[in-house]
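User: Please examine the model shown below and answer a series of questions on its ligand site and its domains.

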Amino acid sequence: MTVTATRSAVLPTYARYDVTFVSGEGSWLVDTDGRRYLDFVAGIAVVGLGHCHDAPLGAARAQLERLWHVSNLYWTEPMAALAELLSERFGGAQAFFCNSGAEAVEAGLKYARKATGKPGVVALEGSFHGRTLGALSVTGQPAKRAAFGPLVPEVKFTRPDDPGSLEAAASPDTGCIILEPIQGEGGIHPVPEDLLVGARSLADDLGAILLFDEVQTGVGRTGSFFCFEQVGVRPDAVTLAKALANGLPIGCLLVSDEAPPGLEPGDHASTFGGNPVISAAACAVCGAIDDELLGRVRENGLRLAHSLEQLAAVKEVRGLGLLLGAELERPAAGVVSDCLARGLLVATAGEHTLRLTPPLTISTEELDQAIEILEEVLEA
Ligand code: PLP
């Protein structure tokens, strides 16, 4: 398969593979020629329950037949129910709903500014928080920022492996420390626990908001609903998006009940945020991510990581649960194309890292099938 630069009516912001998908079921996708692909991308950690999962499908369908949209001038039951479910999962929080990860980050940055009255942000080198100007401003990847300045001022970047440099980057003007507990787009790099602990105590000392961006790590991907549950550091606020509605567009900022108050009526808004159809699907997703599924994610994550470690071409395996990166000697893009040609979808995260984010519902047989194809490609 070749990568086509563009089809003429679409702005060329993506280098897309020359394949068009028409349907999906569970861990499988079908293209226009009727060919089946085992999906270890899952929309990049989005389709957590697999394609067309009964629970969100049924909930969205029922809500579609009842009510599609009302303004946020009014309440809907699915939106309030979703906020309640997420608050329970967090252990006491209030939600703002929007439509994507970048928007959730924007909401988090605005909340932190308003709550603390301080404009400074400390973020990590190698991080990724989205492509809108605010989210891009706190994204620690210079190549993605270069063409789009001037960006939001007073953002400092610090090394993820050095708690000392985090402290040095912060100042009394720091109102927000933002980080992904595992850097996803940056190459599947878990942030060391001592930095997370350091960030918590620094935020407390400075009166800053500790904001965890769990857009990629959240909603069960790492084997717990939030990744922070496994790293032992509780943030003041969390962003979620990707998997929350299993593929329908949603973003969410959760602010802990213990965090300082910030946003008031008129401060922030989103026309579609909390849409009842999407919220109904997201409620069903939250219901499906139970202890049994989370246990399977942890088990299958270990099985997949172990199988990858056995491959000679794999130098290192990083990540947690079913958010895994395999570091290769060679560029990962060629491996992705070779896997695609053999009916397996995988992605990259950086030049040499193969990213594996299958549905959380993946079976052990499907895991083994994927490993067989990867072995064929990598050992060829
Ligand atoms: N934050 C993180 C950690 C992400 O991984 C991403 C997307 O990959 C985003 C934010 C941006 O999300 P979206 O593409 O939905 O705007």
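User: In this predicted model, how many Å separate an oxygen atom of the ligand from an N or O atom in the side chain of Glu185?

Analyst: Glu185 is one of the residues that surround the ligand. A polar contact requires N or O atoms within 3.5 Å. Between a ligand oxygen and an N or O atom of the Glu185 side chain, the distance is 3.4 Å.

User: What percentage of the accessible area of the ligand does the protein cover?

Analyst: Two further side chains place an N or O atom by a ligand oxygen: Lys242 at 3.3 Å and Gln216 at 2.8 Å. On its own, the ligand has 390 Å² of accessible area, and the protein covers 80%.

User: How many residues of the shell around the ligand are charged?

Analyst: The surrounding residues include Glu180, Glu185, Asp213 and Lys242, along with others such as Phe128 and His129. The shell divides into three nonpolar residues, five polar ones and, as the charged group, four.

User: Which residue meets Glu185 in a salt bridge?

Analyst: Domain 1 is assigned residues 3-53 + 290-378, and domain 2 residues 67-288. Between these domains the count is one salt bridge. Glu185 falls within the bounds of domain 2, and its side chain meets, at 2.6 Å from N to O, that of Arg355.

User: Which three residues supply 27% of the area that domain 1 buries against domain 2?

Analyst: The two domains bury about 2,100 Å² between them, with 59% of it on carbon and sulfur atoms. On the domain 1 side, no other three residues supply more of the buried area than Val46, Leu320 and Leu323.

User: How many residue pairs are in polar contact between domain 1 and domain 2?

Analyst: The C-alpha centres of the domains are 25 Å apart. Their contact takes 29 residues from domain 1 and 25 residues from domain 2. With both residues at pLDDT 80 or more, the count of pairs in polar contact is 13.

Terms used: Residues are numbered from 1 along each chain as its sequence is written. This is a predicted model: local features need pLDDT of at least 70, side-chain atom pairs count only at pLDDT 80 or more; totals for chains, interfaces and linings use all residues. Side-chain values use heavy atoms; hydrogens and water are left out. A residue is near a molecule or strand if one of its heavy atoms lies within 4 Å of it. A polar contact is a pair of N or O atoms within 3.5 Å; within protein, one must be able to donate a hydrogen and the other to accept it, and residues adjacent in sequence count only if both atoms are side-chain atoms. Accessible areas come from the Shrake-Rupley method with a 1.4 Å probe; for residues, only the protein chains shown count as cover. Ala, Val, Leu, Ile, Met, Phe, Trp, Tyr, Cys and Pro count as nonpolar, Asp, Glu, Lys and Arg as charged, and the others, Gly among them, as polar. Domain bounds come from an automatic or database domain assignment. Contact means heavy atoms within 4.5 Å. Buried area is the accessible area (1.4 Å probe) that two parts lose on being put together, summed over both. A salt bridge is a side-chain nitrogen of Lys or Arg within 4 Å of a carboxyl oxygen of Asp or Glu.
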